[in-house]
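Take a look at the model below. The text that follows walks through it step by step.

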Amino acid sequence: MISTLRNMSIALACAVALPVAAAEDVTSFTLDNGMEVVVVEDHRSPAVVHMIWYKVGAADETPGISGVAHLLEHLMFKGTETRDPGEFSGIVQANGGSENAFTSWDYTAYFQRVAADLLPQMMEMEADRMSNLRLTEEQTAPEVSVVLEERNQRTDSNPAALYREQARAALYLNHPYGRPIIGWRHEVAALGAEAALEFYGKHYVPNNAVLVVAGDVTPERVRDLAEEYYGPIPPNPDLAPRDRVTEPPHLAARRLVFEDPRIAQPYLSRTYLAPERNSGVQETAAALMLLADLLGGAPATSHLGQALQFGSQKAVYTAAYYQPTSLDASSFSITLVPADGVTLEEAEAALDAEIANFLDGGVDGAQLARLKRQYAANAIYAKDNAQGRARKIGAALTSGLTLADVEAWPEVIQSVTEEDILAAGRAVLVPEGSVTGWLRAPKDAVDVVEVSQ
Amino acid sequence: MKRFVAAVALWVGAALPLHASVEITEVTTPAGFTAWLVEEPAIPAVSLEILFKGGTSLDQPGKRGATYLMTAILEEGAGDLDALGFAQARDDLAASFGFDASDDYVSVSARFLSDTTDEAMALLSDALAAPRFDDDAVERVRAQVLVGLRGDAEDPDTVASTAFSEMTFGDHPYGTPGEGTIDTVAALTRDDLLAAHKGALAQDRVYISAAGDISPERLAQVVDDLMARLPESGAALPPPVTPNFPGGVQVVSFDTPQSVITFAQPGLDRDHPDYFAAYIANQILGGSGFEARLMTEVREKRGLTYGIYSYLLGKDQADLLIGRASTANARAAETIEVVRAEWERMATEGPTEAEVAKAKTYLIGGYPLRFDGNAAIAGIMVGMQAGGLPIDYIATRNDRMAAVTVEDVRRVAGELLDPQALTFLVVGQPEGLEAGN
């Protein structure tokens, strides 16, 4: 077994080198009107994914109209000066394609997946709705209802989602990341066509957009088509820079107790304010990625899993997660589900002790090497999924990063040292930057359950 | 506007010649197993899919949840390695294994770099044939399953699925969740897990596919090695079941802002000569995308829901036509009314010619797009084998779809859609609907 592993390291040392070569199938250029274009070539199947990413999201909303970025995403399917509502979707469907859209704090994206020869038509229609959206209050009202049902389904029916909303609001003292993407219910209910159109007019312009095309296409063809369809759209010279407010120093650890009768299993949630990837400066974010894996990745091999699930058995589940791609300050989160008979207070004490142990005890070098091998291999596995690569690139380019940053990222991860990880952990895992949540059913609800058993 | 219409016709035309061109090699191993392979050396990795027929429906009486728990522990220590040792060995290889158990299948998905094929398959072989079921691993995973079950009891969608299965399938294994109940899972012993393992992972019920950087000869060797230590035959499969659809509306009271509405009626077997026509009829009624009638009427026109869909659900022992939507409690009655009206309209009037043409071009044009990537191709191939489809199905499927006529779809919509049998089960606190009706 030992010799096998030694051979493995050699094989994987070669694998580590591969992501550098991977950039060969990615090309980028910028149109005269300022629109960025990225092409990811994958000629294995005759399909293409056409994605348009706008550098605008929920965090770019003005206070009081939360949810307008997401509502607009829905309304973008309602037709243009020359196309009826649903016509775009109908044409995509009639050709066997699929489509969708999604909104985040930092971006709003629209995509279609179609046979490669349909790319010109997708561009023509997407370019059309970049500048010719037509909206009436009659069309907007039912869509507001749809979004409220979406909120019902995804947030209000799910206590974990409700808590996440509260926790974000507590984590960000000043930054709009504290507002939910879908919007606060009372503000969504008050939205109309006017607010959506104003948001649209301000942000949906070519110099605020990134086009990502992935699949069975060549960069030359994409350039020709993009110049033909998107090229004529004038840029907005007055596009405002995305200078959002920043967080003041965090001085006080925040604690939340969230009680909901639907929480069948009490658990603990901890979130820390954490730095994000920045262009040319991705080292701390890479260290935090590895920190999350070391601390709370796979239960059998992570520190929290080993200590609390395998060792003391105070926890049934532990996990750590860090989101590196974000325009402004991101977050590092830990979840812990205590074992039967372990209180949330005991669980929190055990968690804090193990975080301290980890930061004092240092990094297991063998485990770090293992994780780095997995990241290297993931760059190979990722080549099986052109759409996934397109999504990563789109998210990065609308979150303050460049294609060079995306291409450098695997190497930055490989270069992280044990000291980098501990330093990042000591800087981020501090009480004053944290929100700790106890999630449980109200006392009387717990009693009812006990009686019925 | 006129120019636009012409253009649409042209684009539809452009999509039509597309045929899926996936070359599947049928590999017969020295030991007599069959595996389907798409060899694709462009990326130095392999996706491997294995299905064992039977799944959680093989649970013995009183042992509900045994197959599910067994499957969840396969990776928690095997052969000479305990859970930590196994995880480290797997991560050293940068391989990943997925194990899952559903009503009809235990599924295994593996992804590994092709230059680690020997080591990765040796590990997977141990997980399948020599899982240890160490006491501490059993207790650890059991506790996780119990946490999941407690959460399920408070999750509206899961409560809806459970109530629906109970109503539809009664005492058949399909009638209760494969994860088991808190009581049955708490009572499972290591012997139960060993028995479930022996019953579910057997040579006489396996389907295997692979896509990626592996030769037919190498795959044959891999398959024989993976299968060699498994028992020749496993537990008896459950009998077919006729689903119970009493019609009308049933309500399960549950404190939540939205009503979860499940609706269903008898479906159609995959082998039925009218299956393609039925598939098209459902695509028009409740299929994916914004064009389907249910989506148009319930979401687009009335804003009653975020999403509504229906589909032909082919289980091994029962066939259903089933759908779901969630809506505010105050609007559940209206939603049901609209669904029922659309069901009747489709049953009596059938689809229009334009609707059938559109649905066909969608289903035909979309088919080749599914085969994008090794993982996707391996998954499709193993599903085809388990469904009894011939190896040339991919090449012929679009021609069969194209051959369906408007008259076929109208006739089948009339025969299949049954507003009397269409049964609604509502979980929530719907207004204007009586509980238990």
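Helix α9 of chain B runs over residues 216-227, 12 residues in all. At 1.5 Å a residue, this helix should span 16 Å. Its end C-alpha atoms are 16 Å apart, so the expected and the modelled span agree. Keep in mind that this is a predicted model.

Which residues of α9(B) are buried? They are Leu219(B), Ala220(B), Val222(B), Val223(B), Asp224(B), Leu226(B) and Met227(B). An α-helix has 3.6 residues a turn, so residues three or four places apart point the same way. What do the buried residues of α9(B) pack against? Strands β1 (25-28), β2 (34-39), β3 (45-53) and β8 (206-212) of chain B take part, and so does helix α4 (117-129) of chain B.

Now move to chain A. Its helix α9 covers residues 219-229 and holds Val222(A). Is Val222(A) buried or exposed? Val222(A) has a relative accessible area of 0%. Buried means under 20%, so Val222(A) counts as buried. Its contacts reach to other parts of the sequence. Leaving aside residues up to four places away in sequence, Val222(A) touches Phe29(A), Val37(A), Val39(A), Leu119(A), Met123(A), Val213(A) and Val217(A). Val38(A) is 184 residues from Val222(A) in sequence, yet their C-alpha atoms are 9.0 Å apart in space.

Stay in chain A for helix α3, residues 87-94. This helix is mostly covered, with 8 of its 8 residues buried. They include Glu87(A), Phe88(A), Ile91(A) and Gln93(A). After α3(A) comes Gly96(A), whose phi is positive, near 80 degrees.

Next, turn to where the two chains meet. The size of an interface is often given as the accessible area lost when the parts come together. Chain B and chain A bury about 5800 Å² between them, and 59% of this is on carbon and sulfur atoms. The contact takes 69 residues from chain B and 66 residues from chain A.

Polar links also cross the contact. There are 7 salt bridges between chain B and chain A. One of them joins the side chains of Glu143(A) and Arg299(B), at 3.0 Å from N to O. The two chains also have 21 residue pairs in polar contact, both residues at pLDDT 80 or more. Among the elements that give two or more residues to chain B's side are α1 (2-15), α5 (135-152), α11 (293-301) and α14 (374-386) of chain B. The largest share of that side, 8 residues, comes from α3(B). Its residues on the whole divide into 32 nonpolar, 18 polar and 19 charged for the side of chain B that touches chain A.

Methods:
Residues are numbered from 1 along each chain as its sequence is written. Chains are lettered from A and ligands numbered from 1 in the order in which they are written. This is a predicted model: local features need pLDDT of at least 70, side-chain atom pairs count only at pLDDT 80 or more; totals for chains, interfaces and linings use all residues. Side-chain values use heavy atoms; hydrogens and water are left out. Buried means under 20% relative accessible area, exposed over 50%, partly exposed in between (1.4 Å probe, protein chains only). Helices (H or I, at least four residues) and strands (E, at least two) are DSSP runs, numbered from the N terminus. Contact means heavy atoms within 4.5 Å. Buried area is the accessible area (1.4 Å probe) that two parts lose on being put together, summed over both. A salt bridge is a side-chain nitrogen of Lys or Arg within 4 Å of a carboxyl oxygen of Asp or Glu. A polar contact is a pair of N or O atoms within 3.5 Å; within protein, one must be able to donate a hydrogen and the other to accept it, and residues adjacent in sequence count only if both atoms are side-chain atoms. Ala, Val, Leu, Ile, Met, Phe, Trp, Tyr, Cys and Pro count as nonpolar, Asp, Glu, Lys and Arg as charged, and the others, Gly among them, as polar. The expected span of a helix is 1.5 Å times one less than its number of residues.
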